[in-house]
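Grab a coffee and work through these exercises with the model open next to you. Try each task before you read the solution under it.

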Amino acid sequence: MTNASQVLDRVLVLEMVRVTEAAAIAASSLVGRGDEKAADAAAVEAMREALNQLYMDGTVVIGEGERDEAPMLYIGEKVGSAIGKGPKIDIALDPLEGTTITAKAGPNALAVLAVAEEGNLLNAPDVYMDKIAVGPGYPQGVIDLNKTPTENIEAIAAAKGVKPNEIIACVLDRPRHEKLVAELRGIGCGIMLIPDGDVAGVIATSDPDTTIDVYMGQGGAPEGVLACAALRCVGGQFQGRLVFRNEDERARAYKWGIEDLDKIYSLDELAKGDCIFAATGVTDGSLLAGVKRVRGKMTTESVVMRASSGTVRWVKGEHRVD
């Protein structure tokens with residue numbers, strides 16, 4: 001049981017939904033327009049404006065990148081209306097998870113946000129991360145990044161009481177996963193390939209309706225932290241290991257205080273304590289419906305979760321179009 005934070009007020013739970021709604025609505029006007037950068041910029045600007053209306057002393061620990069690369073919502077940026085006097089809160093965000101998806105009007109684009117008390121979210125560098133995740137209900141230690149994909153699938157199948165060919169794995173559709181996909185199909189494992197959006201892919205393991213049992217493969221490290229904040233709320237297991245392609249990426253990790261570059265992080269090491277996770281659909285997906293414009297109004301669908309209570313709220317909103 002996670003103790004409730006005195007810093008994360010209950011009011012802040014629904015305020016987080018307003019922030020992700022603002023980003024999703026802004027991005028939705030560019031769905032299918034083929035302009036990834038414009039869609040992302042619209043979401044970023046809207047999320048930043050909404051965060052700055054909240055009474056808090058917030059620090060972005062997972063953002064759009066470092067300051068030189070990201071003019072808004074960069075790592076280390078201060079947000080909120082009470083900087084220096086309000087509650088100190090760390091923020092992990094992805095104003096538009098699925099920029100390519102949005103540009104092409106594909107499924108599962110989200111506006112995503114997680115908050116925790118200061119120091120409770122890993123300040124992960126913008127590099128790749130090897131990931132494996134399962135939802136709740138499995139014995140602790142059922143997944144292990146030190147084991148092969150085959151061994152992990154067999155362990156999950158045994159814990160579930162089924163054969164390996166009855167397990168469904170979610171994997172990002174990338175050339176770097178060719179060997180992983182071949183190995184999984186070699187043991188008869190079903191694979192759901194997704195074009196983008198690995199936060200949604202990890203969260204899908206916690207929802208039986210998706211039929212996804214495990215998420216495997218390499219994705220962004222910042223997205224790993226966001227996904228862990230969600231799993232802290234609903235249950236599940238996660239392991240992640242940072243992947244460095246060059247010396248510049250290693251230097252970036254050292255800059256953010258990461259010394260053991262081979263460390264395998266558990267769920268509680270990436271997101272600990274009381275966390276709030278919120279997401280709003282930009283396009284229709286397995287987790288949430290996208291933004292709709294109908295007869296002078298817009299509708300949104302969001303989810304907000306809190307680790308200390310285990311509460312998951314599904315929020316449908318109607319917004320007037322001025």
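**Exercise 1. Work out where the largest pocket lies relative to the two domains.**

Solution. Keep in mind that this is a predicted model.

Step 1: Split the chain. Domain 1 covers 10-121 + 274-320, and domain 2 covers 128-270.

Step 2: Check who lines the pocket. Both domain 1 and domain 2 give residues to the lining, so the largest pocket lies between them.

Step 3: Look at how the domains meet. Their C-alpha centres are 23 Å apart, and the contact takes 25 residues from domain 1 and 20 residues from domain 2.

**Exercise 2. Describe the lining of the largest pocket: how many residues, from which elements, and of what class?**

Solution. Step 1: Start with the volume, which is about 690 Å³.

Step 2: Count the lining, which comes to 28 residues; Asp94, Asp126, Asp196, Gly220 and Glu223 lie nearest the centre of the pocket.

Step 3: Sort by element. Strand E3 (88-97), helix H3 (99-103), strand E8 (214-220) and helix H7 (221-234) each give two or more residues to this lining. E3 gives the most, with four residues.

Step 4: Sort by class. You should end up with twelve charged, eight polar and eight nonpolar residues.

**Exercise 3. UniProt has a "binding site" feature (unreviewed entry) at Asp40 and Glu64. Find out where these two sit and whether each is buried or partly exposed.**

Solution. Step 1: Place them in the chain. Asp40 is in helix H2 (residues 36-51), while Glu64 is in the loop between strand E1 (57-62) and strand E2 (78-79).

Step 2: Compare sequence with space. The pair is spread over 25 residues of sequence, but clusters in space, with a largest C-alpha distance of 9.6 Å. Asp40 and Glu64 both turn up in the lining of the largest pocket.

Step 3: Apply the cut-off for buried, under 20% relative accessible area. Asp40 has 17%, so Asp40 is buried. Glu64 has 24%, so Glu64 is partly exposed.

Step 4: List the contacts of Asp40. Skipping neighbours within four places in sequence, Asp40 is in contact with Glu64, Leu96 and Thr99.

**Exercise 4. UniProt also lists Asp94, Glu97 and Glu223 under "binding site" (unreviewed entry). Explain why they can be said to gather at one spot.**

Solution. Step 1: Weigh sequence against distance. The set spans 130 residues in sequence, yet no two of the C-alpha atoms are more than 8.6 Å apart, so the residues gather at one spot.

Step 2: Tie the set to the pocket, whose lining includes Asp94, Glu97 and Glu223.

Step 3: Zoom in on Asp94. This residue lies in strand E3 and is buried, with a relative accessible area of 10%. Beyond four places in sequence, Asp94 touches Glu64, Leu110, Ala111, Val112, Glu223 and Leu226.

Step 4: Now go to Glu223, found in helix H7. With the same four-place rule, Glu223 touches Asp94, Glu97, Lys131, Asp198 and Val199.

**Exercise 5. A further UniProt "binding site" annotation (unreviewed entry) has Thr99 and Arg176 among its residues. Which elements hold these two, and what do they touch?**

Solution. Step 1: Thr99 lies in helix H3. Setting aside neighbours within four places in sequence, Thr99 is in contact with Glu36, Asp40 and Asp196.

Step 2: Arg176 lies in the loop between strand E6 (168-172) and helix H5 (178-186). At 34% relative accessibility, Arg176 counts as partly exposed. Leaving out residues up to four places away, Arg176 touches Tyr128, Gln218 and Gly219.

Step 3: Back to the pocket. Its lining takes in residues of this annotation, including Thr99 and Arg176.

**Exercise 6. Look at the backbone of Leu73 and Ala105 and say what phi each has.**

Solution. Step 1: Recall the rule of thumb: most residues other than glycine have a negative phi.

Step 2: Leu73 is not a glycine, yet has a positive phi of about 55 degrees. Leu73 is in the loop between E1 and E2 and is buried at 0% relative accessibility.

Step 3: Ala105 also has a positive phi, about 60 degrees, without being a glycine. Ala105 lies in the loop between H3 and strand E4 (110-117) and is partly exposed at 44%.

How values were computed:
Residues numbered from 1 in each chain as written. Predicted model: local features only at pLDDT ≥ 70, side-chain atom pairs only at ≥ 80, totals over all residues. Heavy atoms only, no water. 1 Å grid on protein atoms, 1.4 Å probe; cavity = no way out; pocket = protein on both sides within 12 Å on 5 of 7 lines; lining within 4 Å. Points joined across faces, edges and corners; volume = space filled by probe spheres on them. Nonpolar A, V, L, I, M, F, W, Y, C, P; charged D, E, K, R; others polar. Domains from an automatic or database assignment. UniProt positions renumbered as here; feature names shortened; annotations may be inferred. Buried < 20%, exposed > 50% of the residue type's maximum accessible area, 1.4 Å probe, protein only. Contact = heavy atoms within 4.5 Å.
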